[in-house]
Amino acid sequence: MPPNPPSAPSKELHVFPNPAPERDYLIQFQVPEFTCHCPLTGQPDFAHFVIDMIADKLCVELKSLKMYFWSYRDEGAFHEKVTNTIMEDIIKVTDPRYIRITAKWYVRGGIYTNVVTEHRKKGWKPQPKVDLPSFSMETGLLK
């Protein structure tokens, strides 16, 4: 046995206090290797999940999120159901100001499926967008 054996899949999400609760800031998680099974055929389904979140008092701990996503590997789930269940589970433990989950499912039978779900905490209003000028990337090299 290695001194630190690999962790096991788990549905338990851990949290920690938001280090900057006084401001809205974006936390983005990308999970490019999500796997579950089709509940009808048992064949594997693969997706790339993007979670955009503005935390309130609590943030999701990264390793527990990894183990949480791993826990779906041997489960059968419809794309729409699993995407919304993940959203509900994260809301349950963090109560974020805002969260959007985009699940881009890989092709199956010639069809790509994208599922996008979002939640806004009651009473939360986003700050107005600030449009900043864009500048070209300077490298210090002459052209």
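**Exercise 1. Find the place of N18 in this predicted model and decide whether it is buried or exposed.**

*Solution.* Start with the location: N18 sits in the loop between β1 (15-17) and β2. As this is a predicted model, every value below is computed from its atoms. Next, take the accessibility. The cut-off for buried is under 20% relative accessible area, and N18 has 6%, so it counts as buried. Finally, look at what surrounds the residue. Setting aside residues up to four places away in sequence, N18 touches Y25, A55, D56, K57, L58 and C59. One of these contacts, C59, is itself buried, at 3% relative accessibility.

**Exercise 2. P21 lies in the loop between β1 and β2. Work out how accessible P21 is and which residues it touches.**

*Solution.* First, the accessibility: the relative accessible area of P21 is 36%, so P21 is partly exposed. Then the contacts: apart from residues up to four places away in sequence, P21 touches D56 and R97. As a last step, try a distance across the model. P21 and V107 are 86 residues apart along the chain, and their C-alpha atoms are separated by 39 Å.

**Exercise 3. Trace how strand β3 (residues 44-54) pairs, and say how many of its residues are buried.**

*Solution.* Take one partner strand at a time.

- Step one: β3 pairs with strand β2 (residues 27-37) in the antiparallel sense, over nine bridges. You can check the register with Q30, whose bridge partner in β3 is V50.
- Step two: look at the turn. The hairpin of β2 and β3 has six residues between the strands, and G42 there takes a positive phi near 80°.
- Step three: move to strand β5 (residues 98-108), which runs antiparallel to β3 and is joined to it by eight bridges. Here a handy register check is D52, with R100 as its bridge partner in β5.
- Step four: count the burial. Eight of the 11 residues of β3 are buried, so the strand is largely enclosed by the rest of the structure.

For a residue on the β2 side, try T35, which lies in that strand. T35 has a relative accessible area of 13%, so it is buried. Beyond its neighbours within four places in sequence, T35 is in contact with D45, F46, Y72 and R73.

**Exercise 4. Identify the residues that touch the most other members of the largest nonpolar core, and the elements that supply it.**

*Solution.* Begin with the general expectation: in soluble globular proteins, nonpolar side chains tend to be buried together. The largest nonpolar core here has 27 residues, and F34, F49, F69, I86, I90 and W105 touch the most other members. Now ask where the core comes from: β2, β3, β4 (58-60), α1 (62-70), α2 (79-94) and β5 each supply at least two residues. The greatest share is that of β2, with five residues.

To see one of these residues in its setting, select I90. Leaving out neighbours within four places in sequence, I90 is in contact with L13, I51, M53, V60, L65, D95, I99 and I101.

**Exercise 5. Search the structure for disulfides, then examine C36.**

*Solution.* The search of the whole structure returns zero disulfides. For C36, the nearest cysteine sulfur is that of C38, 8.5 Å away. The cut-off for a disulfide is within 2.5 Å, and C36 is in none. Its accessibility is easy to read: C36 has 0% relative accessibility, so it counts as buried.

**Exercise 6. Follow the salt bridges of D45 and K121, and find the network that includes K121.**

*Solution.* The total count is 11 salt bridges.

- D45 pairs with R108, with the closest N and O atoms 2.9 Å apart. D45 lies in strand β3 and R108 in strand β5, so the pair ties together parts 63 residues apart in sequence. D45 is buried at 8% relative accessibility, whereas R108 is partly exposed at 27%.
- K121 pairs with D56, the closest N and O atoms being 2.4 Å apart. K121 is in the segment after β6 (111-120) and D56 in the loop between β3 and β4, so this pair ties together parts 65 residues apart in sequence. D56 is buried, at 14% relative accessible area, while K121 is partly exposed at 22%.
- D95 also forms a salt bridge with K121, at 3.1 Å between the closest N and O atoms.

Putting the shared partners together, one network joins D24, D56, D95, R97 and K121.

Conventions. Residues are numbered from 1 along each chain as its sequence is written. This is a predicted model: local features need pLDDT of at least 70, side-chain atom pairs count only at pLDDT 80 or more; totals for chains, interfaces and linings use all residues. Side-chain values use heavy atoms; hydrogens and water are left out. Buried means under 20% relative accessible area, exposed over 50%, partly exposed in between (1.4 Å probe, protein chains only). Helices (H or I, at least four residues) and strands (E, at least two) are DSSP runs, numbered from the N terminus. Two strands pair if DSSP finds at least two bridges between them. Contact means heavy atoms within 4.5 Å. A nonpolar core is a set of buried Ala, Val, Leu, Ile, Met, Phe, Trp, Tyr and Cys residues joined through side-chain atoms within 4.5 Å. A salt bridge is a side-chain nitrogen of Lys or Arg within 4 Å of a carboxyl oxygen of Asp or Glu.
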